[in-house]
Amino acid sequence: IAWWYIALFMSSDRALYTNLDEWVADSDWFVKAYEYVTATPQQWFWSSQLLLFTITVSVFVYVENYRVYGKRPASILWLGCAAAISLCFPLWLVSVVNAKPVVRRSRYFVPINKMVVAAAVVGCVC
């Protein structure tokens, strides 16, 4: 549903210009989209909550993927940035459930309980 509204917004913004070059050069669609999403205090609140959730999920996926697989999860995080966290998080969960855990401790390892506390503190501060 979200992609439908994004495409609708982009096509309506594109319709304001005569050609593609003019639209690319002159359109401020990113600013217009931000203004549209944060038009009321309630919309701003939910938009910021979604952003905080996305940041928290990205950090969680990064740390847990390193713990489970023993490698950095660049492909999953790129998928999350390019498509949506709502797409990458379920795919990541399926891959973790089916994975054989790698048992190793790194000096950079952060226990999950400390990660949850850090995410809660960042969420409360922001």
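In the predicted model, K32 is partly exposed, its relative accessible area being 26%. This lysine forms a salt bridge with D13, and the closest N and O atoms of the pair are 2.7 Å apart. Because K32 belongs to helix α3 (residues 29-37) and D13 to helix α1, the pair ties together parts that lie 19 residues apart in sequence. The aspartate differs from its partner in exposure class: D13 is buried, with a relative accessible area of 3%, which falls under the 20% limit for that class, whereas K32 is partly exposed.

D13 is located in helix α1, which spans residues 2-14. When neighbours within four places in sequence are set aside, the contacts of D13 are with W23, S27, W29 and K32. The salt-bridge partner K32 is thus also listed among these contacts.

A further salt bridge is formed between D28 and K32, with the closest N and O atoms 3.8 Å apart; this separation is within the 4 Å cut-off applied to such pairs. D28 is partly exposed, at a relative accessible area of 37%. Through shared partners, the salt bridges join D13, D28 and K32 into one network. The count of salt bridges in the model comes to two. In general, side chains of opposite charge can pair when their charged atoms come close.

Aromatic contacts were examined next. The structure holds three aromatic pairs. In one of them, the ring centres of F9 and Y36 are 6.4 Å apart and the ring planes stand at 25°, so the pair is classed as stacked; the angle is under the 30 degrees required for that class. F9 lies in helix α1 and Y36 in helix α3, so this pair ties together parts that are 27 residues apart in sequence. Helices α1 and α3 are therefore linked both by the D13 and K32 salt bridge and by the F9 and Y36 ring pair. With a relative accessible area of 23%, F9 is partly exposed, while Y36 counts as exposed at 61%.

Another aromatic pair, between F45 and W46, is edge-to-face, with 5.0 Å from centre to centre and 80° between the planes. F45 is partly exposed, having a relative accessible area of 37%, and W46 is exposed at 58%. W46 has its place in helix α4.

Both members of this pair also belong to a nonpolar surface patch formed by Y34, W44, F45 and W46. Together these four residues have about 520 Å² of accessible area. Helix α4, comprising residues 41-69, gives the most to the patch, with three residues.

At the level of the whole chain, the fold comprises seven helices and zero strands, following the pattern α-α-α-α-α-α-α along the sequence. The protein chain has 126 residues, of which 20% are buried; D13 is one of the residues in that class. The accessible surface amounts to about 9700 Å², and carbon and sulfur atoms account for 70% of this area. Of the contacts between residues at least 6 apart in sequence, 48% join residues at least 24 apart.

Key
Residues are numbered from 1 along each chain as its sequence is written. Side-chain values use heavy atoms; hydrogens and water are left out. Patches are made of residues with over 30% relative accessible area and no salt bridge: like charges are joined within 9 Å, nonpolar side chains (Val, Leu, Ile, Met, Phe, Trp, Tyr) within 5 Å. Accessible areas come from the Shrake-Rupley method with a 1.4 Å probe; for residues, only the protein chains shown count as cover. A salt bridge is a side-chain nitrogen of Lys or Arg within 4 Å of a carboxyl oxygen of Asp or Glu. Helices (H or I, at least four residues) and strands (E, at least two) are DSSP runs, numbered from the N terminus. Buried means under 20% relative accessible area, exposed over 50%, partly exposed in between (1.4 Å probe, protein chains only). Contact means heavy atoms within 4.5 Å. Rings of Phe, Tyr and Trp (its six-membered ring) pair if their centres lie within 6.5 Å; planes under 30 degrees apart count as stacked, over 60 as edge-to-face and the rest as tilted.
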